[in-house]
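Colleague: I would like to learn how to read a few features of a protein model. Could we take them one at a time?

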Amino acid sequence: MNPKELFAESKTIIPGGVNSPVRAFEPYPFFVKEAKGSHIIDTEGNDYVDHCLAYGPILLGHSDDDVMADVYNQMKMGTAYGAPTENEVKLAKEVIDRVPCAEMVRFVNSGTEATMAAIRLARGFTGRNKIVKFEGSYHGAHDYVLVKSGSGAACLPDSAGIPEDTTKNTLSVPFNDVEALTKLIDEEGENIACIIVEPVMGNIGCVEPNVKYLKFLREITEENDILLIFDEVITGFRVSRGGAQEYYGVKPDLVTFAKVLGGGFPIGAYAGKKEIMSLIAPAGPVYQAGTFSGNPISIQAGLSTLNKLDYEFYGNLARKGDYLRTNISDIVEDLNLDLQVVGLASMFQIYFNPEPVVNYEIAKKSDAKRFLVYFRELLKNGVFIPPSQFECNFISGAHTEEDLDKTAQGIENALKVAWQL
Ligand SMILES: *Cc1c(COP(=O)(O)O)cnc(C)c1O
């Protein structure tokens with residue numbers, strides 16, 4: 001079946017034709033046949049340089065040979081046990097070795113599960129109910145955090161089916177704004193269990209923090225006995241070996257991971273200070289559990305992936321990011337367009353916006369409709385990015401200079417069409 005027919009059929013039996021909202025786009029998405037390294041190939045045989053990279057998990061490139069060999073070996077030895085394995089201990093040690101705030105780790109199955117559990121833990125530890133998130137931040141699709149949320153939920157900020165009683169305890173403020181948070185904490189500080197923050201906002205495009213603001217978050221939470229949770233589901237093991245907390249030099253109390261940690265397989269984790277993590281069952285009174293938690297396939301994939309991620313890898317990857325961002329900036333300048341080329345390390349995006357984007361309010365002013373024209377043109381040029389102004393684009397270790405040059409050329413062509421130049 002061709003993708004048009006496949007999507008039409010899919011829509012009759014899978015809501016919206018997809019299993020996660022952002023994957024659907026008009027008139028119909030391509031259906032994937034396979035992916036290898038930096039490339040993804042659709043059922044029609046079209047080959048794209050992939051900068052979507054599954055929305056973040058793929059860091060070494062698709063189907064890395066070393067990781068796949070280890071995973072295949074593990075598969076022959078069983079795929080789920082319901083009993084602990086030595087590899088879980090090894091992966092926990094790897095996480096603790098890399099991540100500044102991690103003294104203990106609990107593995108789960110997704111980022112959604114990780115933030116849900118970390119928030120419960122923060123409430124259990126502090127005995128307080130309220131939580132603070134930032135406008136436009138995305139922490140997964142569970143009830144506590146679907147308030148002024150980013151990613152696919154940017155189109156549906158207030159989901160149906162969530163009781164007001166659940167979200168009345170979720171407060172939100174603009175990112176990078178000292179005054180707004182100071183005021184909120186003056187009023188509500190004693191009731192706030194935690195502040196959860198994406199240190200780099202990756203679900204409304206790519207918004208870097210003001211480093212002073214991250215330090216301010218650390219100070220104001222400490223002064224008010226509020227836990228600081230970094231949601232590093234995107235940045236963890238991506239922006240540097242120890243994630244954003246290493247990159248910016250700010251140490252939270254708890255951290256959540258998913259995406260890259262699973263080496264292309266489903267995983268999640270939360271980690272942090274021993275004093276707090278020790279409250280998790282069966283060590284303590286905060287319940288959290290999962291049939292597939294720590295499943296041997298994802299754990300092996302994570303372990304094999306992390307084993308390949310040293311400082312040299314991150315240095316090379318950051319150079320690729322700088323190379324591409326510089327080329328894109330040159331193109332934007334040559335075309336005389338007033339756009340924002342943003343990103344760090346292996347993350348990048350172009351905001352169709354004349355104003356520097358420091359928060360959700362400003363991000364929302366971007367020309368998202370024109371961005372979709374650009375997105376479709378990029379596909380025609382053999383480059384795949386997420387179909388939204390409010391997602392981030394990624395680079396993997398498998399991307400070559402040739403790939404990045406093809407991407408830059410595609411971007412030039414697509415910008416010309418989108419802006420009718
Ligand atoms: C993707 C994402 C999540 C949710 O992770 P899932 O594995 O999709 O449940 C949470 N937080 C951030 C910052 C994310 O980017």
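The turns below deal with aromatic rings, a sheet and cysteines.

Modeller: One caution before the features: this is a predicted model.

Colleague: How many aromatic pairs does the structure hold?

Modeller: A pair of aromatic rings is described by the distance of the centres and the angle of the planes. The structure holds 14 such aromatic pairs. One of them joins Phe313 and Tyr314, with 5.5 Å from centre to centre and 90° between the planes. Planes over 60 degrees apart count as edge-to-face, and the pair of Phe313 and Tyr314 is edge-to-face.

Colleague: Are Phe313 and Tyr314 buried or exposed?

Modeller: Buried means under 20% relative accessible area. Phe313 has 14%, so Phe313 is buried. Tyr314 has 7%, so Tyr314 is buried.

Colleague: Which residues do ring pairs link into a cluster?

Modeller: Ring pairs link Phe134, Phe175, Tyr213 and Phe216 in this way.

Colleague: Which residue lies over the face of Tyr144, and which over the face of Tyr360?

Modeller: For a charge over a ring, read the distance to the ring centre. Arg123 lies over the face of Tyr144, 4.6 Å from the ring centre. Over the face of Tyr360 lies Lys364, at 4.8 Å from the ring centre.

Colleague: Now the open sheet. In what order do the three strands stand?

Modeller: The order is 11-12-14, and the pairing is antiparallel. Strand 11 (340–344) and strand 14 (393–394) are at the edges; each has a single partner strand, so one side of each is without a neighbour in the sheet.

Colleague: How many bridges join strand 11 to strand 12?

Modeller: Five bridges join strand 11 to strand 12, which covers residues 347–351. To follow one of them, start at Val341: the bridge partner in strand 12 is Ile350.

Colleague: Which helix lies across strand 11 and strand 12?

Modeller: That is helix 11, residues 311–334. Helix 11 runs at about 175° to strand 11.

Colleague: How many disulfides does the structure hold?

Modeller: The structure holds zero disulfides. Cys101 is in none, and the nearest cysteine sulfur, in Cys194, is 14 Å away.

Colleague: Why is there no bond between Cys194 and Cys101?

Modeller: A disulfide needs two cysteine sulfur atoms within 2.5 Å. The sulfur of Cys194 has its closest cysteine sulfur in Cys101, and 14 Å is too far for a bond.

Colleague: Are Cys101 and Cys194 buried or exposed?

Modeller: Cys101 is buried, with a relative accessible area of 1%. Cys194 also counts as buried, at 0% relative accessibility.

Terms used: Residues numbered from 1 in each chain as written. Predicted model: local features only at pLDDT ≥ 70, side-chain atom pairs only at ≥ 80, totals over all residues. Heavy atoms only, no water. Phe/Tyr/Trp six-rings, centres within 6.5 Å; stacked < 30°, edge-to-face > 60°. Buried < 20%, exposed > 50% of the residue type's maximum accessible area, 1.4 Å probe, protein only. Lys NZ or Arg CZ within 6 Å of the ring centre and 35° of its normal. Pairing = 2+ DSSP bridges. Helix = DSSP H or I, 4+ residues; strand = E, 2+ residues; numbered from the N terminus. Contact = heavy atoms within 4.5 Å. Axes fitted to C-alpha atoms, helices over the stretch in contact; angles between N-to-C directions.
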